[in-house]
Every structure is written in structure tokens, then in C-alpha cells.
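Work through the exercises below with the model open beside you. Try each task before you read its solution.

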Amino acid sequence: METQLDPMKDDLPLMANTSYILVKHYILDLDVDFKSKVIEGSIVLFFETGSQYRKASSTGNEGCQPQFDEACKKTSECCHVPVTHISACSSKTKCNEFAVSGEGEDTSDKNGNHSNEEQTSRISSSRDSCDIENHRNKDFLLILDCCDLSVVKVEEVDVAAVSGIEKFTRFSKLTNVSKELQNLRNQIVHELVALPADRWKEQLHYFTCCSQAPGCGELLFTSGTWSLEIKKSGIQTPADFPHAIRIWYKTKPEGRSITWTTDQSGRPCVYTMGSPINNRALFPCQEPPVALSTWQASIRTAEGFVVLTSGENSAEPVQLREGVSSWYYYVTMPMPASTFTIAVGCWQEVKQQSCTAAIQTNTEFSLQSLQADFRWHKESCSHAEYPCRFQNAAAKLQAVIPYRVFAPWCLMEYCEEHLLRLIPRCLSAAYTTLGTHPFSRLDVLIVPSNFSSLGMA
């Protein structure tokens, strides 16, 4: 049976094995369909090996046994494997094999999402049947936090097929012919992830190119109540596991990370919220606090809808074909996956009719903001490396960062009259207490009254 969380006493389970492998960058490529109330598409994840594995490797112990012991403790629902590997799921398989599932109900996709190349198998297992010693030579298992998603396919991405990617292979030493292609792909991802912050535009460009590269082999995966488990046959260490994978999936209308509703004008809209299960019903991710990553997102929806996300750029719609527009956002500051937000609706931007009031407000609060800003005195930042906006001298002079306000059409006049003049005062007061806002811009959205999420701690 599916585990139900009691928000008064239960913590959200953190399943991802981030000690062994870490997501450093996500690329989401999604379609929003209001008729079916589904968001579907793909997500590409770029990895680097985790600190615990690197520490173990430095002492000569490359065993990845603990994450398999973790897997034996979890309840899985179904195992999807390509037909060519169907023998991996037999009725005699115990939990020290990949095909592990608990005593849950049959979760064959009711919407017919399985492809012809996939089979579903449920194998009962007992935690007592775990033999830790047998895990030493078993395949590495990637575990992602995931819930309320229909995963269709998982595949390795052939990043080596990208034009111009040769520049990221200059440090690789490929000697084993049978293994050189896997090493080459992982070397490319390693060099790409390690690019310095001042090359962020180049980095995003090649991340995008890699995300569009063809697949080079399906991976075995198991969907559990709170996790998605992925492996590649014969790969026993995180260092050898594919460092770029693509997951094809779709959300469910009842997914607990997404709210499909109508705005105050009665028009359809959808938005995400920071609780109760963060974004794991929006995309497979890593939730533990150590998992900080950057991301890019291309969101397609019907014309007339506005897509807002927690990106650093102010996206403008691009018409792909008649009736369909695409919106592109990105983030260069490593952040938890739970900070990704999306809102799609018939929003309209509330614009100041006269800029005089805004200028006067900014001037009024500029002095106290600058006095309170600990970065104003040319002190170096101590955060993780990313394209910090304080490298730009103009950012230090901003009492209020650039912001936009969006609302349903029925509240436009009210927001223009009352809200626009309050926002710079509120932001300035926050800066006086907390220092200058670390992001380059801000979007304020008037959400429907059924928005149930408060600010994240």
C-alpha cells in the first residue's frame, strides 16, 4: 500500500543516494496540456560522482554496497526493462538483484504509457533476504527522489555526438578500446560541469547541445512510491555510470507538486508549490540538502498563456508553430531542486503608467539599502562559484532589483493602483535587514486564492 505522510509528524523521505552521485545540472523540455492536465516531456540530468564515493576510491575501496543495502529497505512498485533484458526480472529474484519490489498493488500504468519495448514485473521480496556480501559485485543503482510520475523510458545520452564537443576531451586518456566510449562521454560531462563561472554562457550552450544529442541505449529502471531507481547492466561503480541520462515521463493530474485550477478571472492555470512534497511530482530529482544544481527549462504551451519560472532571465515567447509558444529560462546559481517553480496561466503584466513614482521610491530608499548592504564595500563574496551579479558594479547601486508584476486581468487595475507602489518599499525594507537580493530579477505573481503553500524555510 502507498505510504501516506502525516504532515504533523512525518518528514519527507530523502531517497536519493547523493553520497555516490550528484546531479549538477537539469534540462527540462516539457509540454503543458490543460485538456489532459498533464505536463510531459523529458529531463536530462548531468552527474558527477559524490564525495563519499570519491573518498572511498582514494583509499582503494570502490565498493558501492551501501546504496544496495538502502534499496533493500525500500518498497518499489514495478520494474520496467527493455525486452532484451527481461530475464533480469525472474520470479526467483531476491532483493540483492535489481528487480526488487514490495507488496504494493499492481501499478501498471492505467493510461497505457508503457511502450512495446517494456515489460512490467512484480516480485515479492523480504528485507530479511538481503545478503550484504552478495552486493559487492552487483550493478550500481542510481536512486532519485520521485513521486506521482509516469516514467516511460530512461536512456543514456550520447554527448560525444555533439558537434564541437572535442574541446572537452583534451585531458582524457583513452586506452581500453572496449571501454573508451563510456569513458569519453563521462569525461565530456566532467569537463563541462567543471567549467569556471566566467564561461557560463558557453557552458549553457553545450549543456543544451548535449541534451539534444541522441540516446545510446535504454537503461533499466524501477518506479517506487518515493523513488526512481536506475541502473546499467555491468556498471558497478558511480564513476562508470552514465553521467548524462534522459528520462521521458509525464506528470499525473493528481500529482501533489502541481495544482491545476482557475485564476480569479475564471481562466485555467497551473502552478507548483513548495509543499508538501516539493518538486518530486514534477520531475525526478535529488532532494537532500547537499544536492545543489543549476538548470534550464524549455516550456511549451498554447498561445495566450504566459509561462513564469524561477529563472534568472526574463523569457519572451517564441512561436514554434500555429497555436504553440515556447518559453526558455535558466539558472546559473546552484540551488536545491525544490526551488524550481513554474506557473502557467493567462497572466498579464501590470505596468507602471508613470515611472516617476517608482524613481522617487527607489531614491527614497536607496541610502539605507546601500548602508545595510554588506557587499557594498567591495568585499569578496564567499559563496560557491557561479556568475555572481555583484561582479557588475551597477548591481551594487540597485536599491531595488528589476521586477515585474503579473496578475489575472480582473485584478489589473487594483494591482496598478495599490500593489505597484508597495513592492519597492517592501523590497527595500527586506534589503535593509538582509542585504542586497542575490538574484538579478524578480517576478511577482498574484496566485489564485487556493494557493496552499507558505514560504519555504
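**Exercise 1. Find the contacts of Cys 415, then place the residue.**

Step 1. Leave out residues up to four places away in sequence; Cys 415 then touches Val 350, Ala 407, Leu 420 and Ile 446. Contact means heavy atoms within 4.5 Å.

Step 2. A word on the source: this is a predicted model, where local features need pLDDT of at least 70, side-chain atom pairs count only at pLDDT 80 or more, and totals for chains, interfaces and linings use all residues. Residues are numbered from 1 along each chain as its sequence is written, and side-chain values use heavy atoms, with hydrogens and water left out.

Step 3. Locate the residue. Cys 415 lies in helix H7. Helices (H or I, at least four residues) and strands (E, at least two) are DSSP runs, numbered from the N terminus.

Step 4. Check its exposure. Cys 415 counts as buried because its relative accessibility is 4%. Buried means under 20% relative accessible area, exposed over 50%, and partly exposed in between (1.4 Å probe, protein chains only).

Step 5. Look across the chain. Cys 415 and Lys 351 are 64 residues apart in sequence, yet their C-alpha atoms are 9.3 Å apart in space.

**Exercise 2. Decide whether Glu 417 is buried, partly exposed or exposed.**

Step 1. Glu 417 is also found in helix H7, which spans residues 412–419.

Step 2. Its relative accessibility is 47%, so Glu 417 counts as partly exposed.

Step 3. Now take a distance. From Glu 417 to Gln 352, C-alpha to C-alpha, is 9.1 Å, with their positions 65 residues apart along the chain.

**Exercise 3. Name the strands that pair with S19 and give their directions.**

Step 1. Recall the rule: two strands pair if DSSP finds at least two bridges between them.

Step 2. Strand S18 (residues 348–350) is joined to S19 by three bridges, and the two run antiparallel. Here Gln 348 stands opposite Ala 407.

Step 3. Strand S20 (residues 442–445) is joined to S19 by four bridges, and these two run parallel. Here Val 405 faces Val 444 as its opposite.

Step 4. Ask how enclosed S19 is. Four of the five residues of S19 (residues 403–407) are buried, so the rest of the structure largely encloses the strand.

**Exercise 4. Work out what surrounds Glu 312.**

Step 1. Glu 312 sits in the loop between strand S14 (306–309) and strand S15 (318–321).

Step 2. Look for a salt bridge (a side-chain nitrogen of Lys or Arg within 4 Å of a carboxyl oxygen of Asp or Glu). Glu 312 is buried and has none; Arg 441, the nearest side chain of opposite charge, is 8.3 Å away. For charge, Lys and Arg count as positive and Asp and Glu as negative; His and the chain ends are not counted.

Step 3. Follow the side chain. The side chain of Glu 312 reaches the backbone nitrogen of Thr 332 at 2.7 Å.

Step 4. List the contacts, leaving aside neighbours within four places in sequence. Among them are Tyr 330, Met 333 and Ser 440.

**Exercise 5. Classify the ring pair of Phe 46 and Phe 207.**

Step 1. The structure holds eleven aromatic pairs. Rings of Phe, Tyr and Trp (its six-membered ring) pair if their centres lie within 6.5 Å; planes under 30 degrees apart count as stacked, over 60 as edge-to-face and the rest as tilted.

Step 2. For Phe 46 and Phe 207, the centres are 4.8 Å apart and the planes make 55°; the pair is tilted.

Step 3. Phe 46 lies in strand S2 (residues 38–49) and Phe 207 in helix H4 (residues 200–211), so the pair ties together parts 161 residues apart in sequence.

Conventions:
A polar contact is a pair of N or O atoms within 3.5 Å; within protein, one must be able to donate a hydrogen and the other to accept it, and residues adjacent in sequence count only if both atoms are side-chain atoms.
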